[in-house]
Amino acid sequence: MYGVSKITSEQNIMLTTFPGAQYSAQSLAEHLDVFAKAGIVVDMICQSAPRGDVVDFSFTTSYSNFAAVMKALPEAAKTNPPLISGGYAKVNLFGEEMVTSCGVAARALSALAGAGVEIVLITTSDLDISLLIRQQDEDAALTALTAAFEL
């Protein structure tokens, strides 16, 4: 309901962040190309608003790719060393009606806040919202979101 028809989750997600990356489409493409050539599927690609000529740039991938990510990092790390962290779960809210529904993200964030679940990263499209949370909060997040969207 309220635009969401399905909620799913995935465990063992890791986050890679490049702080202070060069602000250009070419630079970001080069970063991502390193991981593509290594056969690493990335998800939840997120870029901060530019600060002068730099941005913070993050993506998620399965923790099963840890060794491949670490092997690819020297080629991808152009300036500042990247930050790698694990122990996350990705929760996806999906609904074809999201495109015409107001307040879906606000409802989700309120439900998570009420359950004491902090959001590490959020990405959206017309049909889904992906939320990166700490893995230990997965059950609480799913319970809160299921109740909030009456699923």
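Colleague: Which residues are exposed on the other side of α2, away from its buried ones?

Modeller: Ala67, Lys71, Pro74 and Glu75. Exposed means over 50% relative accessible area, buried means under 20%, and partly exposed is in between, using a 1.4 Å probe and protein chains only. Before going on: this is a predicted model, in which local features need pLDDT of at least 70, side-chain atom pairs count only at pLDDT 80 or more, and totals for chains, interfaces and linings use all residues. Residues are numbered from 1 along each chain as its sequence is written, and side-chain values use heavy atoms, with hydrogens and water left out.

Colleague: Fine. Which residues in α2 are buried?

Modeller: Val69, Ala72, Leu73 and Ala76. They span an arc of only 130° around the axis, which puts them on the same side of α2. The arc is taken over the directions from the helix axis to the C-beta atoms.

Colleague: What covers them?

Modeller: The cover of the buried residues in α2 includes β1, α1, β3 (54-62) and β4. Helices (H or I, at least four residues) and strands (E, at least two) are DSSP runs, numbered from the N terminus.

Colleague: At what angle do α1 and α2 pack?

Modeller: About 145°, with the axes 9 Å apart; α1 is residues 25-37 and α2 is residues 66-76. The axes are lines fitted to C-alpha atoms, for helices over the stretch in contact, and angles run from 0 to 180 degrees between N-to-C directions. The crossing is right-handed: the near helix is turned clockwise from the far one by less than a right angle, where anticlockwise would be left-handed.

Colleague: Which residues meet there?

Modeller: From α1, His31, Val34 and Phe35; from α2, Val69, Ala72, Leu73, Glu75 and Ala76. Contact means heavy atoms within 4.5 Å. By class, six of the residues in this contact are nonpolar, one is polar and one is charged. Nonpolar covers Ala, Val, Leu, Ile, Met, Phe, Trp, Tyr, Cys and Pro; charged covers Asp, Glu, Lys and Arg; the others, Gly among them, are polar.

Colleague: Different helix. Which residues of α4 are buried?

Modeller: Glu138, Ala141, Ala144, Leu145 and Ala148, in a helix that covers residues 138-148. Viewed down the axis of α4, these fall within an arc of 135°, so they line one face of the helix. On the other side of α4, Asp139, Thr143 and Ala147 are exposed. The cover over the buried residues includes β1 (6-22), β4 (83-94), α3 (104-114) and β6 (128-134).

Colleague: And what does leucine 145 touch, leaving aside its neighbours within four places in sequence?

Modeller: Leucine 145 is in contact with Ile7, Val91, Leu93, Ala108, Ala111, Leu112 and Leu131.

Colleague: Which residues have the most contacts inside the largest nonpolar core?

Modeller: Leu93, Leu145 and Phe149, in a core of 18 residues. β4, α3, β6 and α4 each supply at least two of its residues. Apart from it lies another core, of 14 residues, among them Met14, Ala21, Ile40 and Leu73. A nonpolar core is a set of buried Ala, Val, Leu, Ile, Met, Phe, Trp, Tyr and Cys residues joined through side-chain atoms within 4.5 Å.

Colleague: Is methionine 44 buried or exposed?

Modeller: Methionine 44 is buried, at a relative accessible area of 3%. Methionine 44 sits in β2 (residues 43-47) and has a positive phi of about 45°, although it is not a glycine.

Colleague: What about asparagine 12, what is its phi?

Modeller: Positive, about 60°, and asparagine 12 is not a glycine either. Asparagine 12 is in strand β1 and is partly exposed, with a relative accessible area of 44%.

Colleague: Where is threonine 123?

Modeller: In strand β5, residues 119-124. Threonine 123 is buried, with a relative accessible area of 17%. Not counting residues up to four places away in sequence, threonine 123 touches Met44, Ile45, Cys46, Asp128, Ile129 and Ser130. Threonine 123 and cysteine 46 are 77 residues apart in sequence, with their C-alpha atoms 6.9 Å apart.

Colleague: Last one: which strand holds aspartate 56?

Modeller: Strand β3. Aspartate 56 is partly exposed at 26% relative accessibility. Its contacts, not counting residues up to four places away in sequence, are Phe18, Pro19, Gly20, Cys46, Gln47, Ser48 and Arg51.
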